[in-house]
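Trainee: I would love a close look at one part of this protein, with a focus on its charged side chains. Could you walk me through it step by step?

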Amino acid sequence: MTLGNPVCEQFRCRAGAAGLAFSIVLALSCRIPSEAPAGSEDTEETDAAVVTALVEKYIQSINDADTALAGEVWLKSDRVLFIYPRGRQRGWAAIAENFYGKAMGAPFSQRKLAARDIAVNLFGDTAVVEFNWTFDATRRKDEVGVQQNGRETQVYRRGGGEPWKLVHIHYSGTPITAVE
């Protein structure tokens, strides 16, 4: 990916694996956007709607633990990344096997992920999505219900004639705040 700014490129290369989030932010901030076509507000609304529909499809793929449906959302690449409290999966094959199969499919007989406060932020051919979620599930081993709450950031990209695809997720539990 050419950023169009040699200083930004130098810092992006030095960031390494530990600075992945920094690299994403830097790449987004250094990218030289293309000229917006006439009626770009309509284009942005359309892009936001497409990305929101992908978020909804992603949620359904979690609820069904469906890797075929997830494959319609994710870029099938070794470069995609999923960070969650129990680990980090790099590459579509690892995400499908370890997150969808082992973290979602195997331990739960039922899953219901519900997102709220979805915000889509567009940066040319990159979209950063943030939302809060509630996950209700039934553990397969004892049929006991569990609930978790958290927040999630997703990064979508399009380009090279390809449609919007999910390339990165980072999610965590709800932050613990001090009682005043």
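**Charges in and around helix α3**

Mentor: Happy to! Let us begin with a negative surface patch, which is formed by Glu41, Asp42, Glu44 and Glu45. Please keep in mind that the model is predicted. One member of the patch, glutamate 44, sits in helix α3, which covers residues 40-64. Glutamate 44 has a relative accessibility of 48% and so counts as partly exposed, since that class runs from 20% up to 50%.

Now stay in the helix and look at another acidic residue. Aspartate 47 also belongs to helix α3. Is aspartate 47 buried or exposed? Its relative accessibility is 10%, so aspartate 47 counts as buried; the cut-off for that label is under 20%.

What does aspartate 47 form a salt bridge with? The partner is arginine 158, and the closest N and O atoms of the two are 2.9 Å apart. Aspartate 47 lies in helix α3 while arginine 158 lies in strand β5 (residues 145-159), so this pair ties together parts that are 111 residues apart in sequence. Arginine 158 itself is partly exposed, at a relative accessible area of 24%.

Arginine 158 has a second acidic partner to show you. The side chains of aspartate 125 and arginine 158 meet in a salt bridge, with an N to O distance of 2.9 Å. Aspartate 125 lies in the loop between β3 (108-123) and β4 (126-139), and arginine 158 in strand β5, so here the parts tied together are 33 residues apart in sequence. With a relative accessible area of 25%, aspartate 125 is partly exposed.

Put these pieces together and you get a network of salt bridges that links Asp47, Asp125 and Arg158. How far apart are aspartate 47 and aspartate 125 in space, C-alpha to C-alpha? The distance is 9.4 Å, although the two are 78 residues apart in sequence.

It also helps to see what else surrounds aspartate 47. If you leave aside its neighbours within four places in sequence, aspartate 47 is in contact with Leu122, Arg158 and Trp164. You have already met Arg158 as a member of the salt-bridge network.

How many salt bridges does the structure hold? There are five. Another of them joins the side chains of lysine 102 and glutamate 97, at 3.6 Å from N to O. Lysine 102 counts as exposed, with a relative accessibility of 52%, whereas glutamate 97 is partly exposed, at 48%.

For an uncharged residue, try threonine 138, which is in strand β4. Threonine 138 has a relative accessible area of 14% and is buried. Beyond its neighbours within four places in sequence, the residues in contact with threonine 138 include Pro107, Phe108, Glu143 and Val144.

Finally, step back to the whole protein. It has five helices and six strands, and from the N terminus on the elements run α-α-α-α-β-β-α-β-β-β-β. Of the 180 residues, 37% count as buried. Among contacts with a separation of 6 or more, 51% come from residues 24 or more positions apart. The salt bridge between aspartate 47 and arginine 158, whose parts are 111 residues apart in sequence, is a nice one to find in the view.

Note on methods:
Residues numbered from 1 in each chain as written. Predicted model: local features only at pLDDT ≥ 70, side-chain atom pairs only at ≥ 80, totals over all residues. Heavy atoms only, no water. Patch = residues over 30% accessible without salt bridge, like charges linked within 9 Å, V, L, I, M, F, W, Y side chains within 5 Å. Areas by Shrake-Rupley, 256 points an atom, 1.4 Å probe, with all protein chains shown as cover. Salt bridge = Lys/Arg side-chain N within 4 Å of Asp/Glu carboxyl O. Lys, Arg positive; Asp, Glu negative; His and termini not counted. Charge placed at Lys NZ, Arg CZ, Asp CG, Glu CD. Helix = DSSP H or I, 4+ residues; strand = E, 2+ residues; numbered from the N terminus. Buried < 20%, exposed > 50% of the residue type's maximum accessible area, 1.4 Å probe, protein only. Contact = heavy atoms within 4.5 Å.
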